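Subject: Structure handover

Hello,

Here is the structure for your files, with the sequence alongside. My notes on what turned up in it follow below.

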Amino acid sequence: MGKIVVQLALLGLMLAVVYTLPNKEDWDIYKYHINSTVTDGYAITIITSRVVNRRDQPTEIEFHVKIPKNAFISQFKMSIEGQMYDGVVKAKEEAQQQYSEAMSRGQSAGLVSSVGRSLEEFTTSVTVAAHQKVTFELTHEELLKRRLGQYELQIYARPMQPVNDFKIDVSIYEQPDIVFSEVKGGLNNPILATIGAAESQNQLDVHFHPTVEQQTLCGACGDDGLNGDLVIVYDVFRDETLGHLKESDGFFVHHFAPTGLARISKNVIFVIDQSGSMQGRKMRQTRAALVHILADLAMDDYFGLITFNHAVHPWKRELVQANEHNVGIAKEFARTIEDHGSTDINSALLDGAKMLNQNPRDGSASILILLTDGDPTTGERNPVIIQKNVMRAINKKFPLYCLGFGHDVNFEFLEKMSLENSGVARRIYDDTDADLQLKGFYAEVATPLLTNVMLIYEGGANLTQTNFSHYYNGSEIVVAGQITDNNIETFSPRVVAISGNKHVEFSETNSSTVMTASLSESNTRRLWAYLTVKQLLDKELQLDGEEKERAKQEVLELSLKYRFVTPHTSMVVTKPPGENAQVLHKPKEGEKHPLPRGGFFRSVVSSLHYDDPSFPAQRLHGTANRRRQGTMHPSSRGPAGRRVHPQGSMDSDPSFTAAILHGGGHVLHQDSMDSDPSSRGPAGRRVHPQGSMDSDPSFTAAILHGGGHVLHQDSMDSVSITTVLQRFVRKTVNGSLPLCYDLNEFMLLKLLHNPNRELSINGQLESYPSVGFKRIVIHNQNQRIDINQRHIRVNDGQNATKIRWEPNIIDIQRGKLIQSHNKTTIMIEDSLLIIMRHEKKGKSLLWPIFSQVSNDPVEGLLAVKPLVYESVSAPSGTVTVSGKTFTVSEGDIFDYSVTSAPRIKCWLTSAENALEGRLFDFLVSDL
């Protein structure tokens, strides 16, 4: 058996300054291993973390990991002082009592939550005795999906500190030979990996064992250690035969992805939402993606364009050939699409289906693609009726693919409508690369090779899905099932399909179409169970009544048998005596995070108008990896002695402050609590402006602090939460009082994005008691400049330089970096960024200023221009900006745009008012 070995090692680089690791804290992760084994595309990954409490008293230690969204958690256990505590998978209804009890205590009962596009986060915690150790072990499983000619295994590592014994080990076993492989991702440096390939090889090993020092020096690393992913991509040998079959223990799995087939010309209609909600960046990115996609159409393809708002606007009344003339005219049309009006999804899809039905072409493949960012708001607005209308119009003749833009969209509506019509739904994330996401999806369906694909298995039973409308180049069809009576002699597979105008059949076998024993006898069975559960969940979404209940029951039975955490099961995380069990569940796509009693998540999210459910789940835990527990005054405890905010830790600083940003009219400031008594909570703590928390009478005493929520019990025995905020200001052009607004401390902010120059700047806010920015990261083409309060890292993927805040001049791509003790100036072409470093109570804060000579379109907080008041009414506390009148209150801030940082007055309002837009547009999911 051939074997490929990839050894990744972060090489020691010549740096400008010698770096000394910080002293160890009260806890120490001294072992962190990730072991992933992939067999015929089925990945089982085990994450093990070993932690010691170095304090002289008990400490609550948290365990955070991120796993792929498509994965099912199948095991979790903790070992403390030789005692093993196993997670138990139960029906969600059976676990409901523990779930409700956790919610009533104000605990986060939903411990798995969406994080960005492809990951979910698992979090739990346990109290560890003084100088004792705990081992966490989590197992998750997934079937890798082949897209664009390759499989992709993503492994995310963020242990929260440099680890003495850190290892990622991946072993991939494939029965057909591995024909290519590559290691990518934020933790990989291209010059540090070598991969060999040979046709006889069917095993790939990847080893990533960085030293403690290397964990702080790589491009995606920092003082808190590794923070990024390894992405291993590969593919296996393909030919024109039936594909690869594997049998073990009475189960089989069939991978069907033939090559050498002629492409089929396609009829494709793009139905594009141009309603008012698509304004701004969404519309710009849609236009850019559509122009690119039109250019990629083959000459023998036929296409149509339909835009819609409250009315339907077809570009042409029929399909036209994708010749140079028609594509050129269509591009010009795409560039002129403007957003306005409401949303009539029903009429648009019916017109698109009608156009495809009226323009049939023998030997072609028809496809209908919808892009929308919202719910139907005019015409037929009932989703159930729309789904029935569309299904009747399509009549199983072609697939419907629905692309939901952003998190405002009713994704379940789109998903059900796609599944009912042999398609899939995909969320397009409202980010700077949304146009690339759109183009990437189209590339997956751009080249149909077969239609009406049926996989037939004589002597097979309990089969997963066997009928598929289309097979696309670069994809794969996977079917699993049981072999009747475990009799391999009577088992006969074949595939029939249509290729253009002719029927084709695949039944020929070759050396790769073999029945082989599994390297792990249980893998084939578990793969069948995983795929069955996934498809039953899709089926359940489409059904109603008794059929829906039967599908749900099948999911439940299989999930319990194979210990999968699915939308219908929960894992009860057991803990030592005296600690409450926690309940883990798996969210659906777009599902909101469960709310503790008192509505903290609801209050914060609604006040910020932030509609990405991944944000609170990711950032509200902050960067802390533990919550400390020790001796407390009895009055500092909540119900059942639960730990609350330490006494006086905020009160000891009467001038508790919050940070502000400057640039293009924004100044990074610090706010004294003295200016606005009405904005104070208990003990003078600041609450959210505009009374957003006052709507809940229980919001009176608790504090969000240090990356988690800690509870106070007031005299009325009600639990409540106050938010720690940082203050920003938007200056004016005429010297009048600026607007100021407060943001949650846990945000990652988009400071600047200039797509024309491949330049972006993001920032991470500090958490209490610090102010300002903790990190500012600049992406300059393929160069990354990572700035924190102690040093600066410059990494271009091949070379890394680390320097302290000392006088220095460094050449960077397209410019220079000029550094002094307390100021860094970065010049990139005609753009100038200055990052000031101020000292506040022994702690540094970062403060950015930006200016640009060119007229390139830019976005982000640094790009917001100074404002002009149309009217100011001081007695009533209202101002008018751009035709909008809103309420303000008096506030003050320290102005760090000048060296002396004077205190100035400002008008306090909400972020949406001050920014004249959605706060969501100024947030990023990662630096």
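**An exposed isoleucine and its surroundings**

Ile 809 counts as exposed because its relative accessibility is 58%, and the cut-off for that label is over 50%. Please keep in mind that this is a predicted model.

Ile 809 sits in strand β48, which covers residues 808-812. Together with Ile 818 and Met 827, Ile 809 makes up a nonpolar surface patch whose joint accessible area is about 250 Å². Ile 809 and Ile 818 are also linked through the backbone pairing: Ile 818, in β49, is the bridge partner of Ile 809.

The strands around the patch are as follows:

- β48 and β49 (residues 815-819) run antiparallel and are joined by five bridges. They form a hairpin with two residues between the strands, and Arg 814 in the turn has a positive phi of about 65 degrees.
- β49 and β50 (residues 823-828) are likewise antiparallel, with five bridges joining them. Here the hairpin has three residues between its strands, and Gly 815 has Ile 828 in β50 as its bridge partner.

**Buried parts**

Val 134 is a case of the opposite kind: it counts as buried because its relative accessibility is 0%, where the limit is under 20%. Val 134 belongs to strand β9, residues 133-143. Leaving out residues up to four places away in sequence, Val 134 touches Ser 49, Arg 50, Val 51, Ser 79, Ile 80, Val 126 and Val 128. Met 78 is 56 residues from Val 134 in sequence, yet their C-alpha atoms are 6.8 Å apart.

The largest nonpolar core contains 49 residues, and Phe 76, Phe 136, Leu 138 and Ile 168 have the most contacts inside it. Strand β2 (residues 27-39) supplies the largest share of this core, with five residues. A second core, separate from that one, has 46 residues, among them Ile 761, Phe 773, Leu 846 and Tyr 869.

What does Leu 138 contact, apart from neighbours within four places in sequence? The list includes Thr 45, Ile 46, Ile 47, Phe 63, Val 65, Ile 67, Ile 73, Gln 75, Phe 76 and Phe 122.

**An open sheet**

Four strands form an open antiparallel sheet, ordered β17-β18-β29-β27. β17 (244-248) and β27 (460-461) are the edge strands, each pairing on one side only. Two bridges connect β27 with β29 (residues 477-483), and these two strands run antiparallel. Ala 461 has Gln 482 in β29 as its bridge partner.

Regards

Notes. Residues numbered from 1 in each chain as written. Predicted model: local features only at pLDDT ≥ 70, side-chain atom pairs only at ≥ 80, totals over all residues. Heavy atoms only, no water. Core = buried A, V, L, I, M, F, W, Y, C linked by side-chain atoms within 4.5 Å. Buried < 20%, exposed > 50% of the residue type's maximum accessible area, 1.4 Å probe, protein only. Contact = heavy atoms within 4.5 Å. Patch = residues over 30% accessible without salt bridge, like charges linked within 9 Å, V, L, I, M, F, W, Y side chains within 5 Å. Areas by Shrake-Rupley, 256 points an atom, 1.4 Å probe, with all protein chains shown as cover. Salt bridge = Lys/Arg side-chain N within 4 Å of Asp/Glu carboxyl O. Pairing = 2+ DSSP bridges.
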